[in-house]
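Student: Before I use terms such as buried, exposed or paired, I want to see how each one is justified. Can we go through them on this example?

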Amino acid sequence: MRGINCRDSRLVLVAGLVIALAVPALASVSTTTTLTAGTLSGCVQPITVTVTASGTPVTSGNVVILDQFGGNSVQLATVALGSSGTASPSVALAAGSHSLTANFTGTAGYNASTSTPAVLVSVATECEFTV
């Protein structure tokens, strides 16, 4: 038949009739993102981010680390989740108080989620950063 895209698996030709199949979309699963801070070393803060869905690690996708500092939201890092559903970046912090959050951006089948601002850090000394 003319005008039928044979590569479209949702269309089936049966006895000369074109039948359209309904293909349900995959449901996205809710996720939970947690952020845990390690021991601050000078101006470098190690972080562990874990993303789970119903207690099972989410092993793909990215996490964005944000810092509420001086009234502004600053993106510190974007890191990929590993096979254990975790990412462990270290971020450099300027002197002052910080509130860090982790935002899982979501992937096919998994909804985005944001950690609670679990880390409040006060860096007492100025640090030198090379740009």
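Student: What makes Ser 54 stand out in the hairpin of E4 and E5?
Tutor: That hairpin has two residues between the strands, and Ser 54 takes a positive phi near 55 degrees there. Ser 54 has this positive phi although it is not a glycine. This is a predicted model, in which local features need pLDDT of at least 70, side-chain atom pairs count only at pLDDT 80 or more, and totals for chains, interfaces and linings use all residues. Residues are numbered from 1 along each chain as its sequence is written, and side-chain values use heavy atoms, with hydrogens and water left out.

Student: Why is Ser 54 called exposed?
Tutor: Its relative accessible area is 73%. Buried means under 20%, exposed over 50% and partly exposed in between, with a 1.4 Å probe and protein chains only. Ser 54 is therefore exposed.

Student: Why does Ala 27 count as exposed?
Tutor: Ala 27 has 65% relative accessibility, so the term exposed applies. Ala 27 is found in the loop between strand E2 (17–20) and strand E3 (32–37).

Student: Why are E4 and E5 called strands?
Tutor: Helices (H or I, at least four residues) and strands (E, at least two) are DSSP runs, numbered from the N terminus. E4 covers residues 44–53 and E5 covers residues 56–57, so both are named as strands under that rule.

Student: How do you know that E4 and E5 pair?
Tutor: Two strands pair if DSSP finds at least two bridges between them. E4 and E5 have two bridges, in the antiparallel sense, and the bridge partner of Ala 53 in E5 is Thr 56.

Student: Which other strands does E4 pair with?
Tutor: E3 pairs with E4 in the antiparallel sense over six bridges, and Leu 35 stands opposite Val 49 there. Strand E9 (residues 90–92) pairs with E4, also antiparallel, over three bridges; Ala 92 is the bridge partner of Val 44. Strand E8 (residues 86–87) runs antiparallel to E4 and is joined to it by two bridges, with Ala 87 opposite Val 49.

Student: What makes the side chains along E4 an alternating set?
Tutor: Gln 45, Ile 47, Val 49, Val 51 and Ala 53 point to one face and are buried. Val 44, Pro 46, Thr 48, Thr 50 and Thr 52 point to the other face and are not buried. In a regular strand the side chains alternate between the two faces of the sheet.
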